[in-house]
Amino acid sequence: MNTIAEFTIIGRVGEIRQVGTTLRVSIASSYSRKDNRGEWVERTRWNEVTVFGESTRGYVKRNIVKGDLVFTSGSMGQTKWEKDGETFYGITLAAERIERLCKGPNHQGNSPEEPQEQRRSTGADSDDIPF
């Protein structure tokens with residue numbers, strides 16, 4: 001019997017960083033629910049997605065910046081490591097697909113031909129954006 005461990009996330013990009021030959025993309029997703037008093041509470045969860053595939057990494061580098069709304073899906077895997085004699089477990093989210101659904105505020109005034117590095121550096125206070 002085969003088992004499947006997959007994920008789907010829709011959220012805003014927080015940070016994109018190169019780690020070795022992979023990209024790590026942090027994505028914030030929010031949801032609302034009623035608490036015990038019947039009041040709506042909004043929660044935000046941050047997930048770090050690892051992009052391994054060369055074509056997907058190229059797409060992210062060319063088209064996605066902080067603040068963009070993205071759809072991503074892929075497979076999940078468990079990781080295990082030891083530190084100071086203690087064993088830790090984590091989940092790796094390996095993105096197989098990532099698409100920009102909506103441009104974020106960092107895209108304003110940028111032409112599509114502009115290199116990624118220039119797009120990231122525009123907007124004087126882009127670090128003040130909460131996503």
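Which residue stands opposite Val49 in E5? In this predicted model, the residue opposite Val49 is Leu93. The strands concerned are E3, residues 40-51, and E5, residues 86-102. They run parallel and are joined by 3 bridges.

This pairing belongs to a closed barrel. The barrel has 5 strands, in the order E1-E2-E3-E5-E4. Its pairing is mixed. From one strand to the next, the twist averages 45 degrees. Strands of a sheet pair through backbone hydrogen bonds, in either a parallel or an antiparallel sense.

Strand E1 spans residues 6-19. Its pairing with E2 is antiparallel and extends over 7 bridges. Within this pair, Val13 stands opposite Ile27 of E2. The two strands form a hairpin, with 2 residues between them. Gly20 lies in the turn and has a positive phi of about 65 degrees. E1 also pairs with E4, residues 69-83. That pairing is antiparallel too, over 7 bridges. Here Ile10 stands opposite Phe71 in E4.

Ser29 was examined within strand E2, which covers residues 22-34. The relative accessible area of Ser29 is 19%. Ser29 therefore counts as buried, because the cut-off for that class is under 20%. Neighbours within four places in sequence were left aside in the contact list. On that basis, Ser29 is in contact with Ile9, Ile10 and Gly11. Arg43, Thr44, Arg45 and Asn47 are further contacts of Ser29. Ile10 thus has two roles in this description: a contact of Ser29, and the residue opposite Phe71 in E4.

Helix H1 comprises residues 54-63. The helix lies across E1, E2, E3 and E5. Relative to E5, H1 runs at about 65 degrees.

Aromatic rings were also considered. The count comes to 1 aromatic pair. Trp81 and Phe88 form this pair, with ring centres 5.9 Å apart and 15 degrees between the planes. The pair is classed as stacked, because planes under 30 degrees apart fall in that class. Trp81 has a relative accessibility of 41% and counts as partly exposed. Phe88, at 30%, is likewise partly exposed. Both values fall in the partly exposed class because that class lies between the 20% limit for buried and the 50% limit for exposed.

Key
Residues numbered from 1 in each chain as written. Predicted model: local features only at pLDDT ≥ 70, side-chain atom pairs only at ≥ 80, totals over all residues. Heavy atoms only, no water. Helix = DSSP H or I, 4+ residues; strand = E, 2+ residues; numbered from the N terminus. Buried < 20%, exposed > 50% of the residue type's maximum accessible area, 1.4 Å probe, protein only. Contact = heavy atoms within 4.5 Å. Phe/Tyr/Trp six-rings, centres within 6.5 Å; stacked < 30°, edge-to-face > 60°. Pairing = 2+ DSSP bridges. Axes fitted to C-alpha atoms, helices over the stretch in contact; angles between N-to-C directions.
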